[in-house]
Amino acid sequence: MALLRAQMARRDERGASALEWALIAAVVVVAASIIGGVVYRIVSNKSSQLENCANQPAGSSC
C-alpha cells in the first residue's frame, strides 16, 4: 500500500511540475507580447516624428 502511495505521489509531482511549466510559459508569452507592443509603439512614434522632421525645410528646428 505504501509503495502505491509513493508512486501516486511521484505522478502528482510530475503533473504539478508540468502545470507549473505551462503557467511559466504563459506568463513569459504575455510579458513578451506586452514588451513587443511597447517597443512597436515607441518605434512607430519615433518613425512618424522622423518623417515629419524630414519634410521640414532645411534649417528649421524639429
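Val 30, Ile 34, Val 38 and Ile 42 together make a nonpolar patch of about 350 Å² on the surface of this chain, which is a predicted model. Of these residues, Val 30 can be placed within the secondary structure, where it belongs to helix H1, the element that spans residues 2-54. Val 30 has a relative accessible area of 49%, and because buried means under 20% and exposed means over 50%, this residue counts as partly exposed.

The setting for that patch is a simple fold description, since the protein chain holds 1 helix and 0 strands. Among the 62 residues of the chain, 0% count as buried, and the surface that the chain exposes comes to about 5700 Å², with 65% of that area supplied by carbon and sulfur atoms.

Beyond the helix, the path leads to the segment after H1, in which Ser 60 lies. Ser 60 has a relative accessibility of 34% and therefore also falls in the partly exposed class, which runs between the 20% and 50% limits. The side chain of Ser 60 offers a polar atom that lies 2.8 Å from the backbone oxygen of Pro 57, a distance that is within the 3.5 Å limit used for a polar contact between N or O atoms.

Notes: Residues are numbered from 1 along each chain as its sequence is written. This is a predicted model: local features need pLDDT of at least 70, side-chain atom pairs count only at pLDDT 80 or more; totals for chains, interfaces and linings use all residues. Side-chain values use heavy atoms; hydrogens and water are left out. Patches are made of residues with over 30% relative accessible area and no salt bridge: like charges are joined within 9 Å, nonpolar side chains (Val, Leu, Ile, Met, Phe, Trp, Tyr) within 5 Å. Accessible areas come from the Shrake-Rupley method with a 1.4 Å probe; for residues, only the protein chains shown count as cover. A salt bridge is a side-chain nitrogen of Lys or Arg within 4 Å of a carboxyl oxygen of Asp or Glu. Helices (H or I, at least four residues) and strands (E, at least two) are DSSP runs, numbered from the N terminus. Buried means under 20% relative accessible area, exposed over 50%, partly exposed in between (1.4 Å probe, protein chains only). A polar contact is a pair of N or O atoms within 3.5 Å; within protein, one must be able to donate a hydrogen and the other to accept it, and residues adjacent in sequence count only if both atoms are side-chain atoms.
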